Amino acid sequence: MERQWWHGAIAYQIYPKSFMDSGGDGIGDLRGIIGKLDYLRDLGVNLLWLSPAYPSPLADEGYDISDYYGVDPRFGTLADMDELIAESGKRGMKVILDLVVNHCSDEHEWFQDVLRNPDSPYRDYFYIVDKRPDGKLPTNWRSHFGGSVWEPLGDTDKLYLHVFHKKQPDLNWQNPTMREEVRKNIEWWLDRGIAGFRIDAIANIGKAFPFRDYPVDGPDGLSGLDNMFDSSDGPGAYLTELRDKAFKPRGALTVGEVFVTDPEHIDEWIGPDGYFNSIFDFSGTLFGNNTGWHDKKKITAEDYKDCVFGMQEAAGENCFFSNIIENHDESRGVNYYLPDGEITDAGKKMLAGLYFMLRGIPFIYQGQELGMENAVIGSMDDVKDCASIGAYKISRDAGLSDEEAMAGVRRFSRDNARTPMQWDDTPNAGFTTGEPWLPVNPNYKKINAAAQIADEDSMLSFYKRLISLRKNAEYADTLVYGKTEPYLREQKNLFAYKRTGDKTLLIAGNFQNKPQDMRLPSAPKRVLINNYDEAAITGDTMRLSPYQFVVIEA
Ligand code: GLC
């Protein structure tokens with residue numbers, strides 16, 4: 001395959017609101033990020049993805065954009081953004097921004113004009129429709145955040161479509177003028193020196209026409225959006241246009257937030273002629289989804305192996321996934337993937353190593369490198385995340401008690417990963433001198449960057465070792481381009497695979513709280529990474545300690 005700079009990227013996601021507050025208002029900002037660029041360089045990452053910092057009412061924490069050409073004053077100024085891009089560049093880190101164009105904010109000038117003016121030229125930028133003659137809503141679709149997708153357009157009889165929050169009206173991708181606006185905006189940002197985009201919620205732009213009802217699938221009498229999307233032609237035509245007109249001519253990197261797990265469709269998205277360069281592998285995240293958070297199944301080591309190996313196989317040698325264990329929409333990976341009660345440092349390191357050595361771009365979400373854990377959520381009064389509020393309601397509507405619905409929120413709330421970054425053990429973990437917008441996790445005295453920087457055994461130091469192995473000239477080619485071959489796949493709670501290229505590397509994690517023996521494929525040349533002091537190898541057998549993780553040159 002043709003080699004690209006980003007194949008060897010090691011990415012880090014920054015959620016600006018919670019990364020570092022330089023101004024003391026309790027909200028992270030761009031100057032805060034600039035002040036921490038040396039920390040990121042020292043970690044070794046070379047690609048930064050910034051979640052939105054555009055002007056926004058923050059109904060969905062910035063994923064509701066009211067101006068695509070600016071920076072929200074709470075986050076800083078455009079000059080700060082330019083500086084952030086330049087200063088990152090000086091440290092060998094490229095920057096990608098979030099492209100959020102399935103919807104904008106209802107406070108965006110386009111939508112505001114529609115509200116004010118019945119003849120607004122922007123009316124056709126949105127999906128604005130009439131009620132049915134019998135007064136019923138146009139369709140029975142349930143929004144991603146719960147409740148109907150339809151909302152009255154001001155005090156008119158019309159309704160507008162929003163597949164997410166009601167403050168996020170969907171943009172009408174059938175409209176070529178609107179699509180041109182998106183293209184112009186992409187180019188404007190690329191001209192400012194960014195390397196590309198993480199592309200938000202993009203599969204949602206491909207609606208099924210004509211709008212109609214789909215089978216009811218919940219006690220709210222509504223129908224989940226997948227039913228509608230499954231009947232659509234998909235977003236392919238629009239994405240091909242964007243790729244050919246906006247991204248490709250500029251060599252922009254594109255990483256799509258696309259929830260595709262069907263191996264047959266991977267090529268269409270990220271094959272040689274795919275819409276994007278990469279998409280996230282969300283197979284682990286999606287595992288066990290049912291009707292709501294209350295009945296989502298906990299993933300086991302065996303399930304996780306199936307997810308990962310399935311997608312690695314689907315990617316083959318032509319497609320490049322972006323690999324994650326968490327992001328700003330998920331609970332912390334260590335809580336999600338490790339069994340309850342077994343969230344130890346060894347387990348956290350194993351989890352890190354297992355996904356890091358896969359084929360694809362490893363993305364680290366802020367704080368993951370410290371082993372940050374889920375927030376402590378008491379009641380719904382503590383919850384800020386709009387998706388959690390919707391999910392709680394869905395669970396209650398399904399007949400669950402407050403306590404049962406809260407159990408789902410505590411496990412899956414997006415607030416879990418949005419608590420402020422834990423920099424040190426001073427008040428508010430050194431994140432702000434003010435009142436943080438979301439409480440700091442009380443474990444910050446133990447889990448924080450300052451304590452880990454100096455400690456060779458810390459999570460942070462372990463991540464640094466993983467990153468330097470990926471960059472090591474001797475092994476980089478194998479780790480970036482080599483094949484992923486599952487190893488002893490049937491052996492329970494052993495998560496092992498080989499990466500084969502110029503070299504053969506064996507990656508193995510003992511995904512359980514007790515020792516286990518593993519047969520080695522050949523006499524090991526050397527142990528490259530180990531989260532224990534020793535690798536107990538006797539003949540062709542290695543005895544792995546609880547949650548031991550090793551990378552061995554075979
Ligand atoms: C994506 C974002 C998420 C947001 C949603 C709507 O899934 O990652 O945070 O709520 O899109 O924009």
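At 1% relative accessibility, Tyr-547 counts as buried, where buried means under 20% relative accessible area, exposed means over 50% and partly exposed lies in between, all with a 1.4 Å probe and protein chains only. The model is a predicted one, in which local features need pLDDT of at least 70 and side-chain atom pairs count only at pLDDT 80 or more, while totals for chains, interfaces and linings use all residues. Residues are numbered from 1 along each chain as its sequence is written, and side-chain values use heavy atoms, with hydrogens and water left out.

Tyr-547 lies in the loop between β20 (541–544) and β21 (549–553); here and below, helices (H or I, at least four residues) and strands (E, at least two) are DSSP runs, numbered from the N terminus. Although Tyr-547 is a residue other than glycine, its phi has a positive value, near 55°. Leu-488, which is not a glycine either, has a positive phi of about 45°, and its place is in the loop between β14 (483–486) and β15 (494–500). With a relative accessible area of 21%, Leu-488 is partly exposed. Another backbone feature belongs to the loop between β8 (196–199) and β9 (223–224), where Pro-210 is found: the peptide bond that joins Phe-209 and Pro-210 is cis, with omega at about -10°.

What surrounds His-162, a residue of the loop between β7 (159–161) and α5 (176–191)? His-162 is buried, its relative accessible area being 3%. When its neighbours within four places in sequence are left aside, His-162 is in contact (heavy atoms within 4.5 Å) with Ser-143, Ser-148, Val-149, Trp-150, Glu-151, Gln-168, Pro-169 and Asp-170. The side chain of His-162 also reaches the backbone nitrogen of Lys-166, at 3.5 Å. This is a polar contact, meaning a pair of N or O atoms within 3.5 Å; within protein, one must be able to donate a hydrogen and the other to accept it, and residues adjacent in sequence count only if both atoms are side-chain atoms.

The loop that holds His-162 leads to α5. At the start of α5, a side-chain oxygen of Asn-175 comes to within 2.8 Å of the backbone nitrogen of Thr-177. Helix α5 has 16 residues and spans 23 Å from its first C-alpha to its last, close to the 22 Å expected at 1.5 Å a residue, the expected span being 1.5 Å times one less than the number of residues. Its buried residues are Met-178, Arg-179, Val-182, Arg-183, Asn-185, Ile-186, Glu-187, Trp-189 and Leu-190, and what covers them includes α3 (78–90), β3 (94–99), β8 and α7 (236–247). After α5 comes Gly-193, whose phi is positive, near 105°.

Further along the chain, Ile-343 is found in the loop between α11 (333–337) and α12 (345–356). Ile-343 is partly exposed, with a relative accessible area of 25%, and, not counting residues up to four places away in sequence, it touches Val-334, Asn-335, Leu-338, Lys-348 and Glu-373. In the case of Glu-373, which is 30 residues from Ile-343 along the chain, the two C-alpha atoms are separated by 9.0 Å.

Helix α13 (residues 386–397) has twelve residues, and from its first C-alpha to its last it reaches 17 Å, close to the 16 Å expected at 1.5 Å a residue. Asp-385 caps the N-terminal end of α13, with a side-chain oxygen 2.9 Å from the backbone nitrogen of Ala-387, while Gly-399, whose phi is positive and near 95°, follows the helix. Within α13, Cys-386, Ala-387, Ser-388, Gly-390, Ala-391, Tyr-392 and Ser-395 are buried, and α14 (402–412) is included in what covers them.

How do the axes of α13 and α14 cross? They come within 9 Å and cross at roughly 140°, which makes α13 oblique to α14. Axes are lines fitted to C-alpha atoms, for helices over the stretch in contact, and angles run from 0 to 180 degrees between N-to-C directions; those under 35 degrees count as roughly parallel, those over 145 as roughly antiparallel, 65 to 115 as roughly perpendicular and the rest as oblique. On the α13 side the contact is made by Ser-388, Tyr-392, Ser-395 and Arg-396, and on the α14 side by Asp-402, Ala-405, Met-406 and Val-409.
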